[in-house]
Amino acid sequence: MNARPDQLRALLKQYFGFASFRPWQADIIGDTLAGKDVIAVLPTGGGKSLCFQLPALARPGLTVVVSPLIALMKDQVDGLRAAGVAATFLNSSLAPAEARPRLRGLHQGEFRLLYVAPERLMLSGFLEDLKRWRTNLFAVDEAHCISEWGHDFRPEYRQLSALRGLFPEVPMMALTATATERVRRDIVGQLHLREPACYVASFDRPNLTYRVSAKTGAYRQVLDFLRARPRDSGIIYCQARRTAELLAGKLSADGVSAAPYHAGLNAPERTRNQEAFLRDAVRVVCATIAFGMGINKPNVRFVIHYDLPKNLEGYYQETGRAGRDGLPSDCLLLFSPGDRVKYSRFLDEKPDPQEREIARAQLEQVIHYAETATCRRAFLLGYFGEKLGAPTAGPRNPAAPAASNTSGEPNAPAEPVNCGGCDNCLTPRQTWDGTVAAQKFLSCVYRIREKTRFGVGIQHVVEILCGADTEKIRRWGHHRLSTYGIGLEHSRAEWSAIGRELVRLELLRQDAARFNIVELTEAGRAALRLRQKITLTRPVTAPGPEKRRIGDIACDEALFERLRVLRRRLADERGVPSYIVFSDVSLRQMARFYPRTPAEFSRISGVGDAKLREFGAVFLDEIAAHLRTHPRQIFAADSFSVVATPPGRVPEA
């Protein structure tokens, strides 16, 4: 079925309250309605859900959404019902008495969308029901879970490979926020997608500010960060369950409403803590990586990594849970060089050598990100094969190697860039003349290769420079090298940082396939031979004053707070999260434009027909009451800016 663009825009406004599509949403929806298979890689907050929700409203039949998390299903269904969309979910959280009326409604054709977990979907009796329910689309959300190369592989997703044979005429849509070229290929193969239309959006999230801070008294750093943002909510990611528990307890004792979330809690407690966060009853969740996938809370204003993430894919997705509404949000990583040693020990316990080396290479990429002195946004985008500032419209080959990077180094920008939204661009770090230190390090690498004919890792080079007396150094005769003990002016941690920076400067090459040994590059040999000047960067430190965040919506802050209180009350009365009523973007527009009539209120972003009927009068009354005691504020035209994520399209392969 093909729907006219004006019909789709009318549905968009009627149900979701938006006047126009985000870039490429209309293309994805058009391909889906034309019966094509689609794979869409859109960033968190990039509007993936709308790509299958709107087609469900444009034609008869049932759209089946495969979702990995119970909380995600309930969250999305609550939002759809508030918008007047007939949607439901089936999962293990429902008692039989709750499931029966939903099944009855499905048999009677009452629903347009059904959310279901993969293990429930693939039950034989359920598959027979789907044939009777006129299924017109399978939308596989978080599709990277089907790939062993994805960062969150789930074996139960593999069962979905049987869907194509069982429903050969039903088109399929695969959606994810993070998928390298290898993962995309695997998704297409596992789901047996037929010549899919492939959309890979920009990975840039311009409203996010990325910062890395030296970990110097981590708890006090976190507490100061939170006290500087007394009304903001966010997520703090920890590696260990115990850390999440202790951190939540200390924050609560210090007056910050916080709750833990990890796999060690029983299911009711996890659900209770998550619901409290979604409903703004708890401001901060201290969580392991078990928390967050698919969480639709748009007003998460910060994500803190209390510990080092395991890989850049996970880090990107976790930071992407901030600022889904396009408003400015912060991402802070607390980093200590000692973290590398600690996590390396964990990796040594992995029994599979190949898995161990892959994990070690991924950890090195995270270390490079934490220590880089260049633009962090450009570094992240380079990892995903994208260049900061490059146009995203136009052809890109979905199988191009540049879309995935397994070398351990990002695709560096051709020239220095300044994104205006990371610590290195906002407050560049100090540099120093590191020529002598670099010469010593490079010379040591050269002497090791010259004497023993094999390479070693950075830490072994450091031990030689510092004159360590180890069994390996004695066995290989490295204590007799001319570079043995010549680096006592720097600590081992400082030498390690110097070695890693020489890798980033491409004077050394680090080979992840051979236990991360380092070797001189041609540029490194030239620098050593010609004694070229080499500038190095000081390590990350605790942050100074933060510069202004970009992309906010200027509005009447007093009215905005008043509307937030009203929104919370209305949400609590209905038993849903606050953002189900309206997003922060909608409230800020109300507090900027002061709508007085239903017609004016309907022009606010996010106000569809159902929400206009249910909430229009009460919000208009609140705005009018505010204006009786406060003057109307006037804002400059250029002070209104919700940052939009600019996706790009990849044509059919």
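Let's start inside, with the second largest cavity. Its lining has five nonpolar residues, three charged residues and no polar ones. One point before I go on: this is a predicted model.

So, which residues line the second largest cavity? They are F203, D204, R205, Y210, Y316, R377, L380 and L381. Helix α16, residues 376-383, gives the largest share of that lining, with three residues. The volume is about 30 Å³. How many cavities of 30 Å³ or more does a search of the whole structure find? Two.

Now step back for the overall picture. The chain has 653 residues, and 57% of them count as buried. It has 27 helices and 17 strands. Take the contacts in the chain with a separation of 6 or more. Residues 24 or more positions apart account for 76% of them.

Back to the cavity's surroundings. Two of its lining residues, F203 and Y316, turn up again in an aromatic cluster. That cluster is made of F203, Y316, Y383 and F384.

Next, L312. This residue lies in helix α13, residues 312-319. Is L312 buried or exposed? Its relative accessibility is 1%, so L312 counts as buried. What does L312 touch, leaving out residues up to four places away in sequence? The list is Q365, V366, Y369, F379, L380 and Y383. Two of those names are familiar. L380 is in the cavity lining, and Y383 is in the aromatic cluster. There is also a distance to note. L312 and L363 are 51 residues apart in sequence, but their C-alpha atoms are 8.3 Å apart in space.

Y369, one of the contacts of L312, has a charged partner. R376 lies over the face of Y369, 5.6 Å from the ring centre. Another charge over a ring is found at F277. There, the charged end of K297 sits over the ring, 5.1 Å from its centre.

On to aromatic pairs. The count comes to 16. Here is one of them: F225 with F302. The pair is edge-to-face, with 5.4 Å from centre to centre and 80 degrees between the planes. Why does this pair tie together parts that are apart in sequence? F225 lies in helix α10, residues 218-227, and F302 lies in strand β12, residues 300-305, so the pair links parts 77 residues apart in sequence. F225 is buried, at 8% relative accessible area. F302 is buried too, at 0%.

A further pair is F582 with F619. This one is also edge-to-face, at 5.2 Å centre to centre and 85 degrees between the planes. F582 lies in the loop between α24 (578-581) and α25 (584-593), while F619 is in helix α27 (residues 609-629), so the pair ties together parts that are 37 residues apart in sequence. Both F582 and F619 are buried.

Both of these rings have a charged residue in contact. R567 touches F582 and F619. Its other contacts include N299, S578, V581, S583, D584 and L587, again not counting residues up to four places away in sequence. R567 is found in helix α23, residues 557-574. Is R567 buried or exposed? Buried, with a relative accessible area of 3%.

Last stop: helix α19, residues 458-465. Why is helix α19 described as largely enclosed by the rest of the structure? Six of its eight residues are buried, so the rest of the structure largely encloses it. The buried ones are I458, H460, V461, V462, I464 and L465. What covers them? The cover includes helices α18 (435-452), α20 (471-475) and α21 (492-504), along with strands β15 (508-511) and β16 (517-520). After α19 comes G467, and its phi is positive, near 70 degrees.

One loop residue also reaches this helix. T483 lies in the loop between α20 and α21. T483 touches I464 and L465, both among the buried residues of α19. It also touches S443, C444 and R447, with residues up to four places away in sequence not counted. T483 itself is buried, with a relative accessible area of 2%.

That's the tour. Thank you.

Note on methods
Residues numbered from 1 in each chain as written. Predicted model: local features only at pLDDT ≥ 70, side-chain atom pairs only at ≥ 80, totals over all residues. Heavy atoms only, no water. Buried < 20%, exposed > 50% of the residue type's maximum accessible area, 1.4 Å probe, protein only. Helix = DSSP H or I, 4+ residues; strand = E, 2+ residues; numbered from the N terminus. Contact = heavy atoms within 4.5 Å. 1 Å grid on protein atoms, 1.4 Å probe; cavity = no way out; pocket = protein on both sides within 12 Å on 5 of 7 lines; lining within 4 Å. Points joined across faces, edges and corners; volume = space filled by probe spheres on them. Nonpolar A, V, L, I, M, F, W, Y, C, P; charged D, E, K, R; others polar. Phe/Tyr/Trp six-rings, centres within 6.5 Å; stacked < 30°, edge-to-face > 60°. Lys NZ or Arg CZ within 6 Å of the ring centre and 35° of its normal.
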